[in-house]
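I opened this model to look up how its aromatic rings pair, where charges sit over rings, and what its surface offers. My entries follow in the order in which I looked things up.

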Amino acid sequence: MNADAAKRYLPWVVATTLFMEQLDSTVVNTAIPAMAASLQVTPLSLKAVVTSYILSLAVSIPISGWMADRFGTRRVFMTAIAIFTIASVLCGLAVNPPMLVAARLLQGFGAAMMMPVGRIAIIRTFPKHELLAAMNFVIIPALIGPLLGPTVGGLIVHWLTWRDIFFINVPVGLAAIFLAHRYMPDYHGDAPRPLDLIGFVLFGTGVALLSWLLEVFGEHKLDVTSASVLLLISIALLAAYVWHAKDAPFPLLRLSLFKIRTFRVSVLGGFVTRIGVGGLPFLLPLLYQLGLGLPAWQSGLLMMPSAAAAMGMKVISSRVLARFGYRQVLTVNTLLIGATISMFALVQQGTPLYVIVAISLCLGFFNSLQFSSMNSIAYADVDNSNSSMASTMASSMQQLSMSFGLAAGSLVTGWFLGDLPQSNRVALTSALHYAFITLAVLTVLSALTFRTLRRTDGETISQAKRPDEPVAD
């Protein structure tokens, strides 16, 4: 396939898989209360259905770059789609929470190969001055998933059963495999490198244990002493990976990339930001359905404005970045996201629906600009030889932060709810309000990281400059 054909069709290939991922995650979030009732468990306890998927992504993503370099982007991409589709069917056939969680872990493994490998192909196909436009083009169709997901999920749960929500991935997955076979470029690494098995065990075990601790601590299933010991073990494993990566010739995650300022700020600042917003897709359906007493389909409709606003922002985000620059946009926009999240703490029974819609529109608008900015500036100063590793590291940290955010939101909610039953609408609503305030504070703190950017950082992307054009001081 020639370069022009790759540029023309590749964004559609990646967008199709992102659509499937986003549709699946938003449909599942809307259906959590129905799943809990069917499986006879509490809604908060089913956060494992969501966290297991995100955790599997975070643990598996680090090997995606190695697999793409070793076996080629096309083969890995198509295999990942097939795994994701098969796992979706298994989710629909699950008869208890453990079986459902196991299927979601497999589904997360498939997604872990899709998202970063698709991003690697985009980065290698498009030069930096075309990268922002290409990424925005990919994201716009993918946002149709969150736009349709809550409504589709609510209607399916209302008229059919929650099991049917997973089967909608089958036709999309088959279409994605067809498109990938025809239009995905087959990139390989410049030089083969061995898989860092020691690093994979250290990093994967450390993050898995840490995420599991956050989940079970919120359920009060572990005493403080045991939790403290396991926390120290997880930290020790991650510290051991850092020590191992310094001398490893082919580390799983090349930490030296953090010496690149724009990459470091994007990944670390984005990590804290995503902790703040990561819990919202799980907590908002609980607020709408259990706190406000709305049916699943109405809860789904209230999730749509955020996705619609996000699509609108993608159209103008490149112009906003060109006008104000990455440092100013990321700093101010992060504060706006924190303020918007805190406004959900004011939502309760009797709150007019148009107020909720307005808050959701603002959230989608600001989140879209934030993610476009963070995702694109990460690669502003990364050369092509490091693009695969940079994509792997950025994707891994993104998913890990989203997992931590979901666990943090659920943890705060469970903490303030205490021993009161989740059927206590007033108490649950109050606990959710505390969770929103906590997530808002975390988001605001991440603005301090973005302030360390220089005024001209990212201009090769935001100003659409070619490599041979001068960059303004």
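**Aromatic pairs**

I looked for aromatic pairs in this predicted model, and the structure holds six of them. I took up Trp66 and Phe71 to begin with, whose rings form an edge-to-face pair, with 6.0 Å from centre to centre and 90° between the planes. I then asked how far each partner is covered: Trp66 is buried, because its relative accessible area of 17% falls under the 20% limit, whereas Phe71, at 28%, is partly exposed, because that value lies between 20% and 50%.

I turned next to Phe258 and Phe263, whose ring centres are 5.8 Å apart and whose planes stand at 45°, so I entered this pair as tilted. Both partners here, Phe258 and Phe263, are buried. I kept two values for each pair, since a pair of aromatic rings is described by the distance of the centres and the angle of the planes.

**Charges over rings**

I also searched for charged groups over rings, and I noted that the charged end of Arg104 sits over the ring of Tyr53, at 4.4 Å from the ring centre. A further entry concerns Arg323, which lies over the face of Phe324, with 4.9 Å to the centre of that ring.

**A nonpolar patch on the surface**

Which residues form a nonpolar patch on the surface? I listed Ile86, Leu90, Leu93, Val95, Met99, Leu106 and Phe167, which together have about 600 Å² of accessible area. Helix 4 (73-93) and helix 5 (97-125) are the elements that give two or more residues to this patch, and the largest share, three residues, comes from helix 4.

I looked separately at Val95, which has its place in the loop between helix 4 and helix 5. Is Val95 buried or exposed? Val95 has a relative accessible area of 57%, and I therefore noted it as exposed, the limit for that word being over 50%.

**The chain as a whole**

I closed with the totals, and the chain has 19 helices and zero strands. Of its 473 residues, 57% are buried. When I considered contacts between residues at least 6 apart in sequence, I found that 84% of these join residues at least 24 apart. The chain exposes about 19,100 Å², of which carbon and sulfur atoms supply 67%.

Definitions and conventions:
Residues are numbered from 1 along each chain as its sequence is written. This is a predicted model: local features need pLDDT of at least 70, side-chain atom pairs count only at pLDDT 80 or more; totals for chains, interfaces and linings use all residues. Side-chain values use heavy atoms; hydrogens and water are left out. Patches are made of residues with over 30% relative accessible area and no salt bridge: like charges are joined within 9 Å, nonpolar side chains (Val, Leu, Ile, Met, Phe, Trp, Tyr) within 5 Å. Accessible areas come from the Shrake-Rupley method with a 1.4 Å probe; for residues, only the protein chains shown count as cover. A salt bridge is a side-chain nitrogen of Lys or Arg within 4 Å of a carboxyl oxygen of Asp or Glu. Helices (H or I, at least four residues) and strands (E, at least two) are DSSP runs, numbered from the N terminus. Buried means under 20% relative accessible area, exposed over 50%, partly exposed in between (1.4 Å probe, protein chains only). Rings of Phe, Tyr and Trp (its six-membered ring) pair if their centres lie within 6.5 Å; planes under 30 degrees apart count as stacked, over 60 as edge-to-face and the rest as tilted. A charge sits over a ring if NZ of Lys or CZ of Arg is within 6 Å of the ring centre and within 35 degrees of the ring normal. Contact means heavy atoms within 4.5 Å.
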